[in-house]
Amino acid sequence: MKAALILIVLVLALPHAAFADGINLTNRFGSIAISNAGITSTQSELMSFNGIVAAKGHSLGSVTFSTGALISGSISAGGTFSSVGSTLVVTGNGSQGVPKGAIFNGAFTGPITWMLVSKHGANLTYTLSGAISGTLYTGRTVSGTLTETISSSQQLSKGIGHIRGGTTGLATPEPSTLSLLGTGLIAIAGLFKRKFSGLRNHPLG
């Protein structure tokens, strides 16, 4: 009975422990071009990556993203963009220990929310958010979320917005954790095998 309880705990803990740690990154500055055909960003700077923060006046690389077409709502009031044809690329410049080249290459994986969060006269603030998935520089496939805060004033009607800041969180499985849990499951399975083998060799009654 005790072995069975341990096995259940390990099985339930596996998905949570496997993704307990992750990679967080932030970006700021840059602009977007927005139309019913989609959103495309340019020149947004990578400011932090996995605990590494860019030195004052510098960046760690760049973050670029694009969406599919607007599928509901409107650009001015808020709506939903498609993930079809979307992209998300995080590129490191090799400074401060950050990898040089593509750190993450992926795309949005579902509907992308474009939400009007504040309006003060002609000054509008929106958030762009959605689930993402792609490949890390290590070759590992990961998933997570991206949220960008974007402001615009008179330029929104011209299809222009400015990136105030963004955050990306990537859930990454820990190989050591997976190995430990796997070893535990194998050990418990072995105990069950020996127990059941003993019951067959020594049946009750």
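Let's start from the outside: the protein chain has an accessible surface of about 11100 Å², and 61% of that belongs to carbon and sulfur atoms. Such areas come from the Shrake-Rupley method with a 1.4 Å probe, and for residues only the protein chains shown count as cover. This is a predicted model, in which local features need pLDDT of at least 70 and side-chain atom pairs count only at pLDDT 80 or more, while totals for chains, interfaces and linings use all residues. Residues are numbered from 1 along each chain as its sequence is written, and side-chain values use heavy atoms, leaving out hydrogens and water.

Now for the fold. The chain has two helices and 14 strands, taken as DSSP runs (H or I of at least four residues for helices, E of at least two for strands) and numbered from the N terminus. Among contacts (heavy atoms within 4.5 Å) between residues at least 6 apart in sequence, 56% join residues at least 24 apart.

Let's step inside. Of the 205 residues, 37% are buried, meaning under 20% relative accessible area, whereas exposed means over 50% and partly exposed lies in between. The largest nonpolar core, a set of buried Ala, Val, Leu, Ile, Met, Phe, Trp, Tyr and Cys residues joined through side-chain atoms within 4.5 Å, has 34 residues; among those touching the most other members are Phe49, Phe104 and Trp114. Strand β12 (residues 123–136) gives the most to this core, with five residues. Leaving aside residues up to four places away in sequence, Phe104 touches Leu88, Ile132 and Leu170, among others.

Finally, look at Gly51, in the loop between β4 (44–49) and β5 (52–53). Gly51 is exposed, with a relative accessible area of 75%.

Note on methods. Buried means under 20% relative accessible area, exposed over 50%, partly exposed in between (1.4 Å probe, protein chains only).
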